[in-house]
Amino acid sequence: MSQKFSLYADRAEQLQQRGVSRRNALMVVSTRTTVMLSGEWLEAFWCDECQQTQWYHIHRLDNNRYQVALAPAELWQQAIGVINAQGNPSVSEFTQKQSRMVGFNSAKEFRFVG
């Protein structure tokens, strides 16, 4: 349903969780700021049963096999090119509301005191 959003690691612990030794993980992170995680990505799929779009963490294994799991919230911070599902915490509620409005009537939201 959607494009594939690649994942990256920016901490040694993230590489260690994927089988890289502690020493190698520390060396890689110290020489590069981020490391692309090959064979892993986030992707959205439509569920016919619940009639909703669900985001999944896809991990390509050997022999064209895949491990698929619902994407946990912390993986969104490791994805490239995605918008935070909870929104940007530094943006005000008013700005978020205005950005979702479509059309030219958004000026009606401004109340002038005079």
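**View 1. Strands β3 and β4 meet in an antiparallel pair.** Strand β3, covering residues 52–60, is joined to β4 by 5 bridges, and the two run antiparallel. Two strands count as paired here if DSSP finds at least two bridges between them. Strands are DSSP runs of E with at least two residues, helices are runs of H or I with at least four residues, and both are numbered from the N terminus. This is a predicted model, in which local features need pLDDT of at least 70 and side-chain atom pairs count only at pLDDT 80 or more, while totals for chains, interfaces and linings use all residues. Residues are numbered from 1 along each chain as its sequence is written, and side-chain values use heavy atoms, with hydrogens and water left out. To find your way along this pair, look for Arg60, whose bridge partner in β4 is Tyr66. Another place to pause is His57, which stands opposite Ala69 in β4.

**View 2. A hairpin turn links β3 to β4.** The two strands of this hairpin have 5 residues between them. Which residue in the turn has a positive phi? Asn63 does, with a phi of about 55°, although Asn63 is not a glycine. Asn64 lies in the loop between β3 and β4, and its phi is positive too, at about 55°, although Asn64 is not a glycine. Are these residues buried or exposed? Asn63 counts as exposed at 68% relative accessibility, and Asn64 counts as exposed at 67%. The cut-offs, found with a 1.4 Å probe and protein chains only, are these: buried is under 20% relative accessible area, exposed is over 50%, and partly exposed is in between.

**View 3. Four strands make one open sheet.** The 4 strands are ordered β1-β2-β3-β4, and their pairing is antiparallel. At the edges are β1 (5–9) and β4 (66–70), each of which pairs on one side only. From one strand to the next, the twist averages 35°; such angles run from 0 to 180 degrees between the N-to-C directions of axes, which are lines fitted to C-alpha atoms, for helices over the stretch in contact. As general background, strands of a sheet pair through backbone hydrogen bonds, either parallel or antiparallel. Stepping back to the chain as a whole, you will find 4 helices along with the 4 strands, and the elements run β-α-α-β-β-β-α-α from the N terminus on.

**View 4. Edge strand β1 is largely enclosed.** Although β1 pairs on one side only, it is largely enclosed by the rest of the structure, because 4 of its 5 residues are buried. Its pairing with β2 is antiparallel and spans 5 bridges. Within this pair, Ser6 stands opposite Trp41 in β2. Just beyond the strand, Arg11 lies in the loop between β1 and α1 and counts as partly exposed, at 45% relative accessibility.

**View 5. Leucines stand out in the largest nonpolar core.** How many residues does this core have? The core has 13 residues, and Leu7, Leu15, Leu37 and Leu42 have the most contacts inside it. A nonpolar core is a set of buried Ala, Val, Leu, Ile, Met, Phe, Trp, Tyr and Cys residues joined through side-chain atoms within 4.5 Å. At least two residues of this core come from each of β1, α1 (12–16), β2 (35–47) and α3 (73–76). Follow Leu15 and you will see that, not counting residues up to four places away in sequence, it touches Ala9, Val20, Ala25, Val28, Val29, Val35 and Leu37. Contact means heavy atoms within 4.5 Å.

**View 6. Gln78 is a buried loop residue.** Gln78 sits in the loop between α3 and α4 (93–100). Gln78 counts as buried, with a relative accessible area of 8%. Leaving aside neighbours within four places in sequence, its contacts are Ser6, Leu7, Tyr8, Ala9, Gln14, Arg18 and Leu37.

**View 7. Cys47 and Cys50 are not bonded through their sulfurs.** Why is there no bond between Cys47 and Cys50? The sulfur of Cys47 has its closest cysteine sulfur in Cys50, 3.3 Å away, which is too far for a bond. A disulfide is a pair of cysteine sulfur atoms within 2.5 Å, and a search of the whole structure finds 0 of them. Cys50 is partly exposed, at 36% relative accessible area.
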